[in-house]
Amino acid sequence: MSAVEIIIGIAVILVSLFIIAVVLLQQGHRAGINGAISGGADTFLSKNKARTFDASLARWTKWIALLFFVLAIVANVIALRG
């Protein structure tokens, strides 16, 4: 096992842990009728703040997932050549 394979393996592990953390930080989108029944006393500003935070987390999830797939493909190409 070469140093490049070890570095890419560590990068894949770190990126996978990071994507798990980002996905777990996102809010569920199941407010539906339960949100209406429980009152949902959020102000307009707090709702918009949550949406922008969720939107940035969704954006991060897409980029980290893309990075994960690229690293996985690179790791497989390196493994097949060696």
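Met-1 is exposed, with a relative accessible area of 84%. This residue sits in the segment before α1. The model is predicted. In it, Met-1 and Gly-82 are 81 residues apart in sequence, yet their C-alpha atoms are 8.6 Å apart in space.

**Overall build**

The protein chain holds three helices and zero strands. From the N terminus on, its elements run α-α-α. The chain has 82 residues, and buried ones make up 12% of them. About 6800 Å² of the chain is exposed, and carbon and sulfur atoms supply 72% of that area. Contacts follow a clear pattern: of those between residues at least 6 apart in sequence, 100% join residues at least 24 apart.

**The core**

Which residues make up the largest nonpolar core? There are eight: Ile-8, Val-12, Val-15, Ile-19, Val-22, Leu-57, Ile-64 and Leu-71. Two elements, α1 (3-25) and α3 (44-81), each give two or more residues to this core. Helix α1 provides the largest share, five residues. In soluble globular proteins, nonpolar side chains tend to be buried together.

Leu-71 is one of the core residues. Leaving out residues up to four places away in sequence, Leu-71 touches Ile-8, Ala-11, Val-12 and Val-15. Of these partners, Ile-8, Val-12 and Val-15 are also listed in the core.

**A buried acid**

Asp-54 is placed in helix α3. Is Asp-54 buried or exposed? Its relative accessible area is 16%, under the 20% limit, so Asp-54 counts as buried. Beyond its neighbours within four places in sequence, Asp-54 is in contact with Gln-26 and Gln-27.

**Aromatic pairs**

The structure holds two aromatic pairs. In one, the ring centres of Phe-18 and Trp-60 are 6.5 Å apart and the planes stand at 85°, so the pair is edge-to-face. Phe-18 belongs to helix α1 and Trp-60 to helix α3, so this pair ties together parts that are 42 residues apart in sequence. The rings of Phe-68 and Phe-69 have centres 5.9 Å apart and planes at 65°, so that pair is edge-to-face too.

The four ring residues differ in their exposure class, as the table sets out.

| Residue | Relative accessible area | Class |
|---|---|---|
| Phe-18 | 43% | partly exposed |
| Trp-60 | 51% | exposed |
| Phe-68 | 26% | partly exposed |
| Phe-69 | 54% | exposed |

Why does Trp-60 count as exposed? Its relative accessible area is 51%, and the class begins over 50%, so Trp-60 falls within it. Phe-18, at 43%, lies between the 20% and 50% limits, so Phe-18 is partly exposed.

**The surface patch**

Nonpolar side chains also appear at the surface. Met-1, Ile-6, Ile-10, Ile-13, Leu-14, Leu-17, Ile-20 and Leu-24 make a nonpolar patch of about 900 Å². Leu-24, one of its members, lies in helix α1. This leucine is exposed, with a relative accessible area of 68%. Met-1, where this report began, is another member of the patch.

Helix α1 thus appears in several places. The helix gives five residues to the largest nonpolar core. It carries Phe-18, whose ring pairs with that of Trp-60. It also holds Leu-24, part of the surface patch.

Definitions and conventions. Residues numbered from 1 in each chain as written. Predicted model: local features only at pLDDT ≥ 70, side-chain atom pairs only at ≥ 80, totals over all residues. Heavy atoms only, no water. Core = buried A, V, L, I, M, F, W, Y, C linked by side-chain atoms within 4.5 Å. Buried < 20%, exposed > 50% of the residue type's maximum accessible area, 1.4 Å probe, protein only. Helix = DSSP H or I, 4+ residues; strand = E, 2+ residues; numbered from the N terminus. Contact = heavy atoms within 4.5 Å. Phe/Tyr/Trp six-rings, centres within 6.5 Å; stacked < 30°, edge-to-face > 60°. Patch = residues over 30% accessible without salt bridge, like charges linked within 9 Å, V, L, I, M, F, W, Y side chains within 5 Å. Areas by Shrake-Rupley, 256 points an atom, 1.4 Å probe, with all protein chains shown as cover. Salt bridge = Lys/Arg side-chain N within 4 Å of Asp/Glu carboxyl O.
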